[in-house]
Amino acid sequence: MNKPLRRIAIFCGLLVLALLIRDNWIQYVQADSLKDDTKNRRVAIARYATPRGDIIVDGEPITGSTKTNGDDFNDFEYKRTYKDGAMWAPVTGYASQAFGATQLESIEDGILTGNDDRLFFRRTLDMITGKKQEGGNVVTTLSAAAQKAAYKGLLKQGKGAVAAIDPETGAILALASTPSYDPSTFAGNSTKVDGEAWTKLQKKNNPDDPMQNRALREIYPPGSTFKVVTAAAALEHGVVDSADEKTDSPLPYTLPDTTTELKNEGNIPCKNATLREALRVSCNTVFGKLGVDVGKEDMLETAKKFGFNEEQFVPIRSSASIFPEKMDRPQTALSSIGQFETATTPLQMAMVASAVANDGTLMKPYMVDKLQAPSLDVIEQTDPEKMSEPLSEKNAQILQSIMETVVEKGTGTNAQINESGVTVGGKTGTAQRGVDNSENPYAWFISYAKLDDGSSPVAVAVVVEDESANRDDISGGGLAAPIARDVMKAVIDSKK
Amino acid sequence: MSSTSNTSTHHTSTIGSIGTPSRRNTELALLVFAVVIPVFAYANVGLAINDSVPPGLLSYGLGLGLLAGVGHIVVRKFAPYADPLLLPLATLLNGIGLVVIWRLDQSKRLQAASTFVEAAPRQLLYSALGVALFVIVLVFLKDHRVLQRYTYISMVGALILLLLPLVPGLGLNVFGARIWISIAGFTIQPGEFAKIVLAIFFAGYLMVKRDALALASRRFMGIYLPRGRDLGPIIVVWIISILILVFETDLGTSLLFFGMFVIMLYVATERTSWIVFGMLMSAAGAVGVASFESHVQQRVQAWLDPMREYELSQQGVIGHTEQSMQALWAFGSGGTLGTGLGQGNSDLIGFAANSDFILATFGEELGLAGVMAILLMYGLIVERGVRTALAARDPFGKLLAIGLSGAFALQVFVVAGGVMGLIPLTGMTMPFLAYGGSSVIANWALIGILIRISDTARRPAPAPAPNPDAEMTQVVRP
């Protein structure tokens with residue numbers, strides 16, 4: 001009987017061998033993919049096992065971490081807290097135990113949790129010395145004063161958004177959106193508390209859609225603020241040579257190839273108006289015709305140089321603003337005054353103002369200044385980067401002088417800052433909405449400030465969408481310009 | 001003259017056995033390791049979870065040491081020539097099993113479940129009962145051949161044990177499998193005991209019938225076909241296995257019994273054709289049952305695509321479980337060296353984390369290295385069992401030893417393979433490691449029987465009886 005016994009011994013050996021091979025397969029070959037599978041709860045447990053690093057504004061953290069406590073068993077040890085969460089939500093996004101992370105919290109998650117590859121050496125060191133893993137910090141470019149001014153101003157007006165940029169570097173200074181939400185209300189993992197808070201904020205339960213980041217993700221028709229782009233295109237492509245020469249602009253202006261007349265808002269002096277006069281009183285007729293004279297190809301080229309038709313990553317993704325690529329001549333005229341399909345994010349319009357303020361050079365917008373290791377060593381520093389040059393220095397200065405006229409004695413007088421050495425240039429906009437303007441328009445204002453040393457510390461775009469306001473009251477100059485002024489003033493004051 | 005040569009032949013045949021070392025001291029030394037390692041692991045868990053050495057460390061160490069000591073003394077006294085590895089291996093597996101069960105008792109996640117009970121104290125009690133049964137086997141079973149007398153009683157006993165879970169009011173249906181019975185508040189898994197009783201029956205039966213099964217056969221296409229009437233018993237066992245599968249929906253037990261029978265049949269008859277027959281029949285049975293039994297189908301689905309099964313269970317679809325995927329995640333997250341005892345999250349598996357799925361905790365906390373060590377320990381137990389079968393001098397002992405070791409190997413393969421996703425999951429437990437009274441008690445009895453057989457096998461042959469003829473030759477001098 002010994003021969004079959006020996007064979008059975010081999011058979012049993014093979015069974016054990018098969019188990020050993022399988023074990024090597026799942027614990028060695030596949031180990032990493034199983035371990036890092038996002039559905040593997042250990043990934044989330046590790047994420048919340050140590051206090052997250054912080055997001056920092058002006059040297060102060062705007063986030064924090066606290067030990068999770070509650071009646072139910074919760075395997076996530078720490079949860080996120082926010083200071084002035086609603087004000088900063090468009091910057092931070094959220095990091096919730098139950099609902100994951102978005103925006104800055106998600107993009108820089110590796111640094112904030114300490115799992116980033118660049119922190120590998122440190123992590124290994126911590127493991128050896130028995131220290132708990134720590135997260136690094138994300139230092140933003142934002143200005144607390146500007147953000148506060150933007151958020152306060154918007155709260156007074158209801159719905160809207162503000163984006164402010166430092167034109168010389170592209171650093172984002174303010175990014176506000178209202179109505180907003182406090183991400184700390186659903187940072188935890190409790191079905192009752194956090195789940196309910198989350199449900200209430202969803203768009204289907206809250207028509208105001210508080211979780212929308214309007215400054216980066218909402219695209220609005222820009223209305224007359226887009227005339228700055230058209231003016232830049234006209235100057236760049238030689239259709240107009242200076243601010244004060246008369247243009248060939250009939251009044252009324254019939255859209256080419258049609259019998260439709262393009263109208264101005266009110267009875268304003270637009271016949272053959274100069275570029276300066278046309279922007280000061282916001283002539284639809286002049287800029288409609290200018291757009292057609294520039295031609296759709298050249299209009300598109302300039303718009304694209306300003307950043308249109310492309311998503312921006314700051315590093316949060318910003319929706320692509322739209323300047324239509326396919327249009328006939330009347331549509332070109334309408335698009336050139338910010339109507340038809342033209343639509344932009346507030347960030348995009350701030351970029352337009354910043355390019356003009358920075359003598360024609362558009363800097364790439366960014367909001368993360370640097371990433372810090374837990375030891376505060378700098379892991380990555382963002383250097384300002386030139387994005388494009390939508391207009392020449394000479395043309396930019398012509399446009400600056402025109403935009404300054406708008407604020408000095410045009411539609412934008414509400415944005416004036418009465419301080420010595422500060423010059424403000426801007427443009428109002430009132431974007432019509434709905435069939436035959438049946439809905440309340442959006443009030444826009446874009447502007448920049450210059451100091452007497454020639455530097456330009458801030459460019460800002462403000463949009464207010466207030467459905468309850470009286471239609472006549474909505475105008476960029478009335479609702480949006482004061483907010484822009486406060487933001488610019490906050491930046492200038494904080495620089496002193 | 002002739003008688004003189006006879007005597008000398010006797011002497012040469014027993015020379016090999018004379019002076020065979022008993023190896024009891026080796027066993028004692030190994031047992032020290034088998035007790036110290038779990039005690040160290042226990043302290044390790046306590047430090048990892050509560051930052052302090054667990055208060056029960058001393059009593060646990062003494063308890064395990066006592067069990068091992070009693071086992072050793074009984075072996076020394078009643079089975080002095082027994083294999084020295086079996087007792088330390090079983091003690092070590094039982095000991096670290098207890099530690100990991102205690103570790104899972106500390107899990108807040110498991111404590112939150114409404115069905116939570118502290119398992120470690122009970123398992124310690126079961127282990128003591130198991131060692132007690134081990135002692136009883138060694139003390140009262142002086143010679144394993146005695147069991148041969150109970151061949152047919154064993155058959156009846158095994159059938160009763162197997163059918164008990166189907167008795168209304170006694171049997172329990174736990175998550176689709178009817179393999180438990182409930183008596184006076186205790187749940188018992190009769191299948192674990194049936195394993196041993198059936199091995200006794202098969203060994204006794206095959207020893208008697210082996211010649212008929214082996215020789216009376218016709219040759220057909222290169223293989224020996226058994227006669228129809230000899231085919232009877234294998235068909236009966238096959239049908240019983242199928243019935244277990246259908247009525248108790250227990251793939252593991254069914255496979256285990258049938259596999260054990262085929263192994264013993266092959267060893268008894270030395271005919272490869274039985275293996276071929278066995279495989280064909282089990283394949284036919286498994287496929288046949290799977291075609292209509294939804295419980296089996298679902299297990300196969302979960303094996304083929306555990307992720308889909310996980311997602312269905314997350315969506316709350318009834319009858320799906322995330323456990324297979326959770327176990328795989330536990331293994332994967334453990335990696336090569338593991339997280340360290342007490343520092344993993346294998347409790348995410350939830351129900352049965354400390355029984356059917358206990359290997360996943362080893363995988364996560366002790367890593368690939370730990371699981372390979374565990375598997376090799378099981379492999380060692382099996383190979384010591386096979387060695388015992390090889391060394392046994394009587395066919396009944398050979399058959400019983402190979403039956404028990406083969407069943408043990410199959411059980412380890414079926415459970416570990418199921419938890420690691422190598423084969424579909426079945427409801428069985430890792431011998432000695434897993435929480436479960438029936439399993440640990442039955443497996444101690446199994447080790448007891450193997451030790452008894454190995455003692456008989458390795459015992460030096462008794463000195464030849466004085467030959468009266470030899471006396472005579474001595475007297476007559478030339």
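How many helices and how many strands does chain A have? Select chain A and colour by secondary structure: there are 18 helices and 20 strands. Keep in mind that the model is predicted.

**Whole chain**

Stay with the C-alpha trace of chain A, which spans about 115 × 50 × 40 Å along its principal axes. The chain has 496 residues, and buried ones make up 55% of them. If you draw a contact map, look away from the diagonal: of the contacts between residues at least 6 apart in sequence, 69% join residues at least 24 apart.

**Two domains**

Next, select residues 43-141 together with 183-215 of chain A; the domain assignment gives these two segments as domain 1. Give another colour to 220-495 of chain A, which the assignment lists as domain 2. Taken over C-alpha atoms, the centres of domain 1 and domain 2 of chain A are separated by 36 Å.

Now move to where these domains touch. Domain 1 of chain A puts 21 residues into the contact, and domain 2 of chain A puts in 14 residues. On the domain 1 side, select α5 (103-107), β7 (137-140) and α10 (214-217) of chain A, the elements that give two or more residues to it. Which element gives the largest share of this side? That is β7(A), with four residues. Colouring the domain 1 side by residue class shows eight nonpolar, eight polar and five charged residues.

**An open sheet**

Clear the selection and pick out β9, β8, β20, β19 and β18 of chain A. In that order these five strands form an open sheet, with antiparallel pairing. Strands of a sheet pair through backbone hydrogen bonds, a useful display to switch on here. The edges of the sheet are β9 (172-178) and β18 (422-433) of chain A, each of which pairs on one side only. From one strand to the next, the twist averages 10 degrees.

Zoom in on the β18 edge. Its partner is β19 (residues 439-451) of chain A; the two strands run antiparallel and are joined by 11 bridges. To find one end of the ladder by name, select A:V422, whose bridge partner in β19(A) is A:L451.

**A helix across the sheet**

For the last stop, add residues 346-357 of chain A, which form helix α16. Which strands does this helix lie across? They are β8 (159-165), β19 and β20 (458-465) of chain A. Fit axes to α16(A) and β20(A) to compare directions: the helix runs at about 150 degrees to that strand.

Key:
Residues are numbered from 1 along each chain as its sequence is written. Chains are lettered from A and ligands numbered from 1 in the order in which they are written. This is a predicted model: local features need pLDDT of at least 70, side-chain atom pairs count only at pLDDT 80 or more; totals for chains, interfaces and linings use all residues. Domain bounds come from an automatic or database domain assignment. Two residues are in contact if their C-beta atoms, placed from the backbone, lie within 7 Å. Ala, Val, Leu, Ile, Met, Phe, Trp, Tyr, Cys and Pro count as nonpolar, Asp, Glu, Lys and Arg as charged, and the others, Gly among them, as polar. Two strands pair if DSSP finds at least two bridges between them. Axes are lines fitted to C-alpha atoms, for helices over the stretch in contact, and angles run from 0 to 180 degrees between N-to-C directions. A residue is buried if 20 or more other C-beta atoms lie within 10 Å of its own, exposed if 12 or fewer, and partly exposed in between; C-beta atoms are placed from the backbone.
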